[in-house]
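Biologist: I would like a close look at a single part of this model, please. Choose one that you can follow strand by strand, and then show me how it sits in its surroundings.

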Amino acid sequence: MEPNLVSPSQRRNFLMIMLGGVGSLLAVAAGWPLVRFLMPSDTGDAASQVAIDRTLVTPGTAHLFQFQGRPAVVLQTAPGEFVALSAVCTHLGCIVQWQEEESQFLCPCHAGRFSTDGSVISGPPPKPLEILPVTLDGDQVLVG
Ligand code: FES
């Protein structure tokens with residue numbers, strides 16, 4: 001019979017390292033769907049410019065669309081004046097919602113609030129919403 005070359009403490013350390021590794025892998029596997037749910041989709045139209053019919057953006061309303069595969073929003077802040085913003089919250093990446101009665105954006109995840117120019121009104125977002133370039137071309141609002 002061969003003598004046992006591995007001491008009980010070495011065996012215990014090996015098992016603890018293996019359990020830690022397996023536990024870490026399980027934690028990553030379990031958390032990944034939640035991370036993907038909270039992050040905006042990377043897929044979608046990668047066009048550098050998006051044309052939106054002006055009739056879809058009446059004064060005081062907002063129109064959500066996809067810009068380079070990410071949610072964006074255009075609104076008419078005053079007759080003939082359009083603003084386009086990323087709709088991705090700068091806190092943890094949730095999609096902001098337009099609150100027409102209050103004329104501001106609300107992030108449903110942690111109640112971050114943004115003004116119509118994208119600046120932070122309240123809540124945890126550290127930065128304003130990204131401003132997207134807008135030009136007008138006849139009946140079209142061109143973003144990008
Ligand atoms: S993700 Fe928008 S406030 Fe936290």
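Modeller: With pleasure; I will begin with how to read the model, go on to one sheet, and then move outwards from there.

This is a predicted model, in which local features need pLDDT of at least 70 and side-chain atom pairs count only at pLDDT 80 or more, while totals for chains, interfaces and linings use all residues. Residues are numbered from 1 along each chain as its sequence is written, and side-chain values use heavy atoms, with hydrogens and water left out.

The part I have chosen is an open sheet of four strands in the order β2-β3-β4-β9, paired antiparallel. Its edge strands are β2 (62–67) and β9, each of which pairs on one side only. Strands here are DSSP runs of E with at least two residues, helices are runs of H or I with at least four, and both are numbered from the N terminus. Two strands count as paired if DSSP finds at least two bridges between them.

Let us cross the sheet from β2. Six bridges join β2 to β3 in the antiparallel sense, and L64 has V73 in β3 as its bridge partner. Strand β3 covers residues 70–78. On to the next pair: β3 and β4 (residues 81–86) are also antiparallel, over six bridges, with L75 opposite V83 in β4. These two strands form a hairpin with two residues between them, where G80 takes a positive phi near 85 degrees. The crossing ends with β4 and β9 (residues 131–132), antiparallel over two bridges; there L85 stands opposite I131 in β9.

One residue of β3 deserves a second look, namely A78. Its relative accessible area is 25%, so A78 is partly exposed; buried means under 20%, exposed over 50%, and partly exposed lies in between, with a 1.4 Å probe and only protein chains counted. The C-alpha atom of A78 is 6.0 Å from that of P59, although the two residues are 19 apart along the chain.

Now for the surroundings. The protein chain has one helix and 11 strands, and from the N terminus the helix is followed by the strands. The radius of gyration is 24 Å, well over the 15 Å that the globule rule gives for 144 residues, so the chain is more spread out than a compact globule. That radius is taken over C-alpha atoms, and the rule is 2.2 Å times the number of residues to the power 0.38. Along the principal axes, the C-alpha atoms fill a box of roughly 90 × 30 × 20 Å. Of the 144 residues, 28% count as buried.

The domain assignment splits the chain into domain 1 (1–38) and domain 2 (50–143), with bounds that come from an automatic or database assignment. The centres of the two domains, over C-alpha atoms, are 46 Å apart.

Helix α1 spans residues 8–38 and includes M18. M18 joins F14 and L15 in a nonpolar surface patch of about 310 Å². Such a patch takes residues with over 30% relative accessible area and no salt bridge, joining nonpolar side chains (Val, Leu, Ile, Met, Phe, Trp, Tyr) within 5 Å and like charges within 9 Å. M18 has 42% relative accessibility and therefore counts as partly exposed.

Elsewhere, β1 (residues 50–53) pairs antiparallel with β11 (residues 140–143) through four bridges, and V50 has V143 as its partner there. One face of β1, V50 and I52, is covered, whereas A51 and D53 are on the uncovered one.

Two loops are also worth a visit. In the one between β5 (97–99) and β6 (104–106) is S103, a residue other than glycine with a positive phi near 50 degrees. The loop between β6 and β7 (113–114) holds A111, likewise not a glycine, with a positive phi of about 60 degrees.

The whole structure has one salt bridge, meaning a side-chain nitrogen of Lys or Arg within 4 Å of a carboxyl oxygen of Asp or Glu. The side chains of R113 and E102 make it, at 3.0 Å from N to O. Because R113 lies in β7 and E102 in the loop between β5 and β6, the pair ties together parts that are 11 residues apart in sequence. R113 is partly exposed at 23% relative accessible area, and E102 is partly exposed at 41%.

Technical notes:
Accessible areas come from the Shrake-Rupley method with a 1.4 Å probe; for residues, only the protein chains shown count as cover.
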